[in-house]
Amino acid sequence: MGSLFRSEEMALCQLFLQSEAAYACVSELGELGLVQFRDLNPDVNAFQRKFVNEVRRCDEMERKLRYLEKEIKKDGIPMLDTGESPEAPQPREMIDLEATFEKLENELREVNQNAEALKRNFLELTELKHILRKTQVFFDEQEGGVNQTTESMTRALITDEARTAGASMGPVQLGFVAGVILRERLPAFERMLWRACRGNVFLRQAMIETPLEDPTNGDQVHKSVFIIFFQGDQLKTRVKKICEGFRATLYPCPEAPADRREMAMGVMTRIEDLNTVLGQTQDHRHRVLVAAAKNLKNWFVKVRKIKAIYHTLNLFNLDVTQKCLIAECWVPLLDIETIQLALRRGTERSGSSVPPILNRMQTFENPPTYNRTNKFTKAFQALIDAYGVASYREMNPAPYTIITFPFLFAVMFGDLGHGAIMALFGLWMIRKEKGLAAQKTDNEIWNIFFGGRYIIFLMGVFSMYTGMIYNDIFSKSLNIFGSHWQMSYNKSTVMENKYLQLSPKEDYEGSPYPFGMDPIWQVAGSNKIIFHNAYKMKISIIFGVIHMVFGVVMSWHNHTYFRNRISLIYEFIPQLMFLLLLFFYMVLLMFIKWIKFAATNEKPYSEACAPSILITFIDMVLFNTPKAAPAECGVYMFWGQHFVQVLFVLLALGCIPIMLFAKPMLIMQARKLANVQPIAGASSDAETGGVSNGGPHGGGGPHEEEEEMSEIFIHQSIHTIEYVLGSVSHTASYLRLWALSLAHAQLAEVLWTMVLSIGLKQEGWFGGVILTCVFGFWAILTVGILVLMEGLSAFLHTLRLHWVEFQSKFYKGQGYAFQPFSFDAIIENGSAAVEE
């Protein structure tokens, strides 16, 4: 069977590379992305491997590139991204790259340091300018004749002893300091001054209206100017310590007006000169960053490729001559020739004369699982792998999920209108996928939607189909072919009677509606939900049983591929018979009931005589004889039904001990015949159904200690009980198809009746305004609740039906994924890590 339905056949190979050609060969394999290397030095510390120095050099180059990227993003400079992936540079090019990055980093750091020093100087001059301006106001008041205030302030600050001494020595001069402080620290600063100086200082402050730039981090801060008057050197020392504690900056402020004016003019001149120098510095920095931004993406790719190559080379072993590197790797069997061609290209690029050698090895190890995917099948394969990676060469459910997943989703989400919204959204993402894929974002929800765009599109298309079958579009119906019911009611009766009931015996023509449900059911009142419930409940069971039977049939492909005759005869056949004889027979009874019983038939095949399928099935399992409630009604649907049901139940019950005991007994018999305790592979075959043995095409299974017979009996008992009880619970679990379909239809009808119909009933121009508003509200609720929330609910229920009810019949998911050495994956993961 093709690789679409099973994982690729894998081979464990040994690779011999000359030391001078190893770098180029690994580079070619990284571009190819088809080889998974094994670590041949698991006990060697990462810091003791051969190429650890090269890896450190790459780490240092990556650090410098991240620094450049941070500076480029800080200035808002766009980085050129051509979407191309340059080849990995040769080892000798590392020196040129290191020199380039070193030069750029040093130049940028020097520019940043100079800019920071200039900004700090500019900040100091700006603060001094504001101090000179703000303090000038106070000195102007003092010189303008407001001496009374000054004298009272002076008297308040001078003590009695100083006042007595001043009478003999002359007038006392007050000292002052001026500076700036952060605005939020000013109240605490003022309180501390008052308490520490005991009220013997006088503080004046004024806010600086424009925010100032902090040269350290570039933040905008708000500051205030202050001036403090005091008397005496002791208070001066105390005031300066408080200013230092609150990180206030003090500046010299002359006492004479002429000196202040002269200083202010000098400050303004220096500020203008600094503005010129700062502009030139910023222009130089911008030019450096713009030049770096053009090559930054390519530099990142080159460095990450070099680093990945040396990381991979650290997984290799050296031979005794120290001239050859030895590697072991898993490769897909179909791609061995492609890999050999890549190795030849790498050898030619390196100039080596010794060709590489790729030998296939025999192994008992379980190979990795590799399923080839494209952009369409990738999302469906991800749904399967989220449950568990398939065992090697196990049947892959992904190809079948492409059809069954959107179909079962659509059974629950069947609405032509809602399906169209979902399909159009998926189609838009598909049409714009190149542009949307290039716009990388950290929004996890959007990444999930975009990754599942093909699933969303198919779910929408299938929902449109089931919506046409249900004849349901935004809770209304389409009357395309005309109703096949002949109604004797007039229009007012239909519109006003809430309990209108359709009578199949009197009002039905007898010919079915050509496609889907008859639109007349939209106006039915009392028996509309009863009819829809009966219909959707039965088709849910029908689809569920068919889905489970298909899952059991898939296990047959596993047993035949791995030549597991015991599991094929004593597991697959009893399981299939048990499911068919009980539950598929119940499905047949549904079709028989639909065909034989109708409202227009006479007894015993009239609608009143139609037996309940559930009661019939319960009586069948309990060996009870059903009783016909109405007179002249038959007990059975067909001749010989009782005998057939008893036979089917006995055969189904007989399958249980076969599933329970046959396989362990045969394994025990085989061990006795071989006179070996235990036989290698017997228990593994019993437990895994032969999946671990690798199949007929090579690839070994694990060579492990086998289980005791008691454990084999326990595992088989658990497996049998799980299957028998699971058949009942899984069949009932498919009723979620009916439940969610009914809930979706009823929610759509509630939104129409209680929201949109309010606007449709209004008349005139005012009604148009009301309808517009109501329609917008209805559209938001429809998309938010019925499409997004209901869609997510149906998606999760569909996922559960596939993981539990379907895949449990054949899928074990006990493998591990094939993770090849691929530059594309490494660069994608590295870009995501940098963006985070």
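Ala, Val, Leu, Ile, Met, Phe, Trp, Tyr, Cys and Pro count here as nonpolar, Asp, Glu, Lys and Arg as charged, and the others, Gly among them, as polar. By that division, the lining of the second largest pocket holds 17 nonpolar, five polar and five charged residues. The model is a predicted one.

The second largest pocket encloses about 1200 Å³ of space. Its lining comprises 27 residues, of which Pro504, Trp521, Phe531, Trp594 and Glu607 are the closest to the centre. Helices α19 and α20 each supply at least two lining residues. The most come from α19, which gives five.

Helix α19 also takes part in a salt bridge. The side chains of Lys528 and Glu749 meet with nitrogen and oxygen 3.5 Å apart. This pair joins distant parts of the chain: Lys528 belongs to helix α19 (residues 528-561) and Glu749 to helix α25 (residues 736-760), with their positions 221 residues apart. The two partners differ in burial class. Lys528 has 9% relative accessibility and is therefore buried, the limit being under 20%. Glu749, at 28%, is partly exposed.

In total, the model contains 29 salt bridges. One of them pairs Arg285 with Glu71, at an N to O distance of 2.9 Å. Arg285 sits in helix α8 (residues 257-293) and Glu71 in helix α2 (residues 52-74), so that distant parts of the chain, 214 residues apart, are linked. Both ends of this bridge are buried. Arg285 has a relative accessible area of 6%. For Glu71 the value is 4%.

A further salt bridge connects the side chains of Lys375 and Glu433, 2.7 Å from N to O. Here a loop meets a helix. Lys375 is in the loop between β11 (357-361) and α11 (377-387), while Glu433 is in helix α14 (residues 433-438). The pair is 58 residues apart and again links distant parts of the chain. Glu433 is buried, with a relative accessible area of 11%. Salt bridges also join into a network, made up of Asp59, Glu62, Arg304 and Lys307.

The structure has one disulfide. Cys609 and Cys633 form this link, with their sulfur atoms 1.8 Å apart. The angle about the S-S bond is -60 degrees, and the link is left-handed. Both cysteines lie in loops: Cys609 between α20 (565-596) and α21 (613-622), Cys633 between α21 and α22 (641-674). The pair is 24 residues apart and links distant parts of the chain. Cys609 is buried at 6% relative accessible area. Cys633 is likewise buried, at 11%.

Other cysteines call for separate comment. Why does Cys13 form no bond with Cys329? The sulfur of Cys329 is the closest cysteine sulfur to that of Cys13, yet it lies 5.5 Å away. A disulfide requires sulfur atoms within 2.5 Å, so this distance is too far for a bond. Cys13 is buried, with 1% relative accessibility. Cys25 is buried as well, with a relative accessible area of 0%.

Notes. Residues numbered from 1 in each chain as written. Predicted model: local features only at pLDDT ≥ 70, side-chain atom pairs only at ≥ 80, totals over all residues. Heavy atoms only, no water. Salt bridge = Lys/Arg side-chain N within 4 Å of Asp/Glu carboxyl O. Helix = DSSP H or I, 4+ residues; strand = E, 2+ residues; numbered from the N terminus. Buried < 20%, exposed > 50% of the residue type's maximum accessible area, 1.4 Å probe, protein only. 1 Å grid on protein atoms, 1.4 Å probe; cavity = no way out; pocket = protein on both sides within 12 Å on 5 of 7 lines; lining within 4 Å. Points joined across faces, edges and corners; volume = space filled by probe spheres on them.
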